[in-house]
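This report describes selected secondary-structure elements and their packing. Please read it alongside the sequence and coordinates shown below.

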Amino acid sequence: MLSIRQANDLETLADECIKIYQQNNPSVFANSFVIVPNLSVADWLEQRFAQQQGIAARMRYLLWREYAHQAQEALFRAQYPTKTLPPPLSNAMMRWQLFAYLLNEAQNIVQDEQHALHPALQALFNGLGRQAALSDTQIQRLWAYAEETAKIFNDYLAMRPQWLDDFVQHSSLDLADFADAEAIAAMPEWLRAHYQQVLQAQAFLWKKCFVDTAKQHAELTQAFIAAAQEQRLPAHILTEQLFIFMPRDVDQSMLDFLQALGRSRDVYVFLYGVSNQRLSDIVDSHWLRHLSVQQQEEQHLSSGHDLFSRFGKQERQRFKLLEANQLAEQIDYLQSPESQSAHLLGQLQDDIRRLDDAISLNPNPSPEDDSLKIHGCHGLLRQLEVLRGEIVRWLNADSSRRLDDIVILLPDVAAHQDALRAVFPQQGSYDGYTLPTRLTGINTAAVENLWQALSGIYTLADSDFSFPAVKQWLLLPDNCAAYELSHEDMLYWLDKLAQAGFRRGFDEAHLQETLSDKDYRFSFCYALDRLVTGYAMPTVPLYAGQVAPDSTINNQAFAALNALCRFAEEIHAIRAGKDERINPCDGLKKLEEHLHKRYAHAFDNSAYQAIDKHIQHMKSQLISEAARTLPDLPFKFILRTVAESLSGMQISAEPSGVITIAQLNALQALPYRLIVFLGAENGAFPTPVQDRRYNLLDIASPQLGDRSRRNEDLAAFLHCLCAAKDACWLFYTAVDPIDGEARIPPAPIQELLNYLSENQVPQAHIHIAHSADPFHPEQEKGKAAAPLWQELQHILLQEKSLDAHSWLDFTHYDFSCLPSIAAENKINTRHSLDFQRIVKALQKPLNHYLREQNIRLPSVQHQDLGREPLFLDSLEQWQLRHRLIHSEDSPENRDIIAALPILPIGRMARAEHRQTQAQIAQRKAALFTAAAATTADNPVRTQECSCADISIAAALPVHADQAWLRLLAGKSKAKYWLEAWLWHLLWQSSHDIPLTQKGVCYVNFSDDKKDEGMTLRLEAMPQAQAQEILAQWLKVYHSMSVQPWLWSPESAEAVVNKPDKPIVQTVQKYLNYEEKNAWEFLFHDTDTASLTEALNQSWSIAKTLYQSLFEIVKKQI
């Protein structure tokens, strides 16, 4: 017998199901089938069974189609053990079978203009030309066409099975027999012709690919129903009781099946409905307003409750379908426990369940009543941040509330999973509150990472193989484990590869595909060769005449280099066969073997098991006769197909014991104390109707049992309101976080607001607008921001109250002595100060201060690590000049430099090398001419110097009585003048000999306008004078660690040259890029008056320091 029960409370419905099960199944070990709409309901119901009877053994939870297929398959095998079961008409099977036919016949169809599919394929291949074999783009388009057509056939099977019969029975089809007459009349001629062509194409494909299979399934279904009616089904196929719990997509075929089974078995159907009232006369309230009162009375029409009439269309359609099958009168409505709710949400729920628009809502709800709230925020991220604080407040208000009382629902979890995982991490800690959560219904991050590791190597091999892409892939946790390296070691060796020159391209052959030149110094293999030869033969200047070894490789590098070499071998093998095509079954087997071999370390992980199981599932889909005839396909197409299928894999969305985050439709109607719905955007929710122009259902007359994604979304929204026990909070984007423009709420939320407003519920109580920043205190009393945002707000307020004069005071500079530096030196006498480090700090004083305070600003990326340089920027030119200056100009050294990745790619390398070498030769000649010398015969070596009892390590000339000739890589700029000046001061202060015997320093700078450069002569000076000036600079260097020094060489030069300009603007204008970033970081909130005072106060000191240097430069340069 077929029994139908309905309740407006899911717990009541589940308890009734358990009660009937216990009455008819005295043994807990008896087999029972329960048909559920999805896995989330199955998990929830299983927990309910376990709670009620202490055990939930031998309960099998199946989806409707899964159960029907398994039952029919078992009967078929029992009756015909030697015959082959027809493949299921599933979406996946039909897609592969259609794809196989289209691949094999595509060329013939395109050439035959009379073919039914010619217009469709001609449009798909438009602009791609005709080739002997289908291109990757053409294959991908055929796959998309097959996928869309399979979905359409699936819809026809469920909602218009008679159409498929018409496809077979009639050779001539007229669109008027399928589409609504009014819809056809409103169409332009070209659109009518398009739909007629679609009809012919679909009829052809159905007859060509599925007519025999569909016929076999129809016969199998009739045989199953006959066997059920005659009670000839074996017990393992159909038990004495069958439970259908909370079916959603009820259609005519399902009802026919259940009614047939009900003649010989006990079939219990448990329906969930928002209302237990009669729904046959309920219509949409908006539509009803267009009818006159007389028409409403004559047709006995009513809207019931306004919200139910708008959002409950799916439930009304189900009731009318049951009524058409004379089953509505058989429904046994279960009474839910009476509730006398005092809060606003409970009152609204009671009205909806009674379908009563009587004004029972309290127009003056209590300020503490938070049962129904609508939050407008600046984007999804802000919604999540606000929600965290609201959840904490809600939990703290009642000790009986728990984390698993809360569910957060979104229309599309997968699209926002990054933001969800960031703000609601699994461990719970984010903003000072600990709120552990579980993201359900989508692949876990572990599955995504493992799949990226598995498939990414094939993607890399077929890409431009850029350094950022390789780095991102190799740093995946599963790859680090596969190559037996820690994340830190892998990161270190990737940086070594970049330093060795790797930018783009795998090897020389790979670069030949995009570059005509044979220069492969920036490829992966060349950089790896440098590292390997540096490990094996660090003393060889140039290996095989091509590879310049990296001599910085240590002896502990074997494991890492071995891992990188294995990676290179794998890429080489993949690239060798990248253009080959492979049978889909063999491609899946190849992917499976790669998973088992490379990632065996993850065998026990759920991510590994999920991917392995999914590959096996896809292999089982290729069982149809047509799918076996698939031609060989590009392997990257197979990878894309597996990735798409993996992302759409149905995953359990069961309650998780902590805060649950799930898809809106997954946990629909499951009861929670707090239900949160967020991420709804106007125009995106409910799902808009897509004008695909390929599905004939879009232009057909509606029938009972038709499915609508829009109605499903509205039903889910209604269930959010009605399933919440204590509170329901709705979040939407009120202001776009990008453009700052206001956004209206999505239609369902706006209708709810309108309904509440019409019933005198204050909008200020329901609708809350939040600020854009989480660290701003909430305006409402008692709603403090999270600890993280409170701390940030405190810091911001504290910064505003700081006295800028307190740390911009330079009056304490005293150059008479260096007590602090000397004291520091005495504490640690074994270490000398590195003079080169002192020079760099004085060249960029603000950056040095930030480093000493452990503050790291984002560094400017001077080159694109994903592309080899076509020309050298300023820094790279400096590096090249520095290398050439400090190496002998010999054929061997020229070959070594040409092999290093310090020159641009291709022919520009040779031109840049020759030009720079020639300029250095001219600069040397100019330097020798200025010094009246023929060679630089004053060698330089590292020495220990002393200045004011401070030990300094520096490379200085050996002979104090000879000239020091210096060729610098830097240009004639203030910071390099300062560098030359400081080294000259140190040299002069390190020797106590008569002034007449001291040597002079000649420094040549690079110059863009003069190939011979600019030469600066620095005269000898007494040791005491040099030490006095140098001690002043050392004092500044020491003070820069605790207080920012505002005077970089560029700023000081600008003020000297433009004394009449405002000092603040002048200093800021002439700061270099890095110093400007530091300046803005330190002084962005400091007023101009304070900065002017500090600069004027410290300028007298800076002027004294720079004056002698600028006077020398002014006279000579």
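Three strands make up an open sheet of mixed pairing, in the order β16-β18-β17; two strands count as paired if DSSP finds at least two bridges between them. The edges are β16 (833-834) and β17 (940-947), each of which has a single partner strand, so one side of each lacks a neighbour in the sheet. β17 and β18 (residues 950-957) run antiparallel and are joined by eight bridges. One of the bridge partners in β18 is Ala955, which pairs with Thr942.

Two helices are placed relative to this sheet, with directions taken from lines fitted to C-alpha atoms (for helices over the stretch in contact) and angles from 0 to 180 degrees between N-to-C directions. Helix α41 lies across β17 and β18, and helix α42 packs on the sheet, touching β17 and β18.

| Helix | Residues | Reference strand | Angle |
|---|---|---|---|
| α41 | 974-989 | β18 | about 105° |
| α42 | 1023-1039 | β17 | about 85° |

The model is predicted: local features need pLDDT of at least 70, side-chain atom pairs count only at pLDDT 80 or more, and totals for chains, interfaces and linings use all residues. Residues are numbered from 1 along each chain as its sequence is written, and side-chain values use heavy atoms, leaving out hydrogens and water.

Helices (H or I, at least four residues) and strands (E, at least two) are DSSP runs numbered from the N terminus; the chain has 46 helices and 21 strands. Of its 1117 residues, 51% are buried, meaning under 20% relative accessible area with a 1.4 Å probe, protein chains only. Contacts are heavy atoms within 4.5 Å. Among contacts between residues at least 6 apart in sequence, 76% join residues at least 24 apart.

Helix α27 (residues 606-621) has 16 residues, so at 1.5 Å a residue the expected span is 22 Å, in agreement with the 22 Å between its end C-alpha atoms. That expected span is 1.5 Å times one less than the number of residues. Buried residues of α27 include Ala607, Ile611, His614 and Met618. An α-helix has 3.6 residues a turn, so residues three or four places apart point the same way. The buried residues of α27 pack against α4 (91-111), α19 (445-461), α26 (584-598) and α29 (635-647).

α19 also packs with helix α25 (residues 558-576), at an angle of about 65° and with the axes 9 Å apart. The two helices α19 and α25 are therefore roughly perpendicular, a class covering 65 to 115 degrees. At their interface, Ile457, Tyr458, Leu460 and Ala461 of α19 meet Phe567, Glu570, Ile571, Ile574 and Arg575 of α25.

Conventions. Buried < 20%, exposed > 50% of the residue type's maximum accessible area, 1.4 Å probe, protein only. Parallel < 35°, antiparallel > 145°, perpendicular 65-115°, else oblique.
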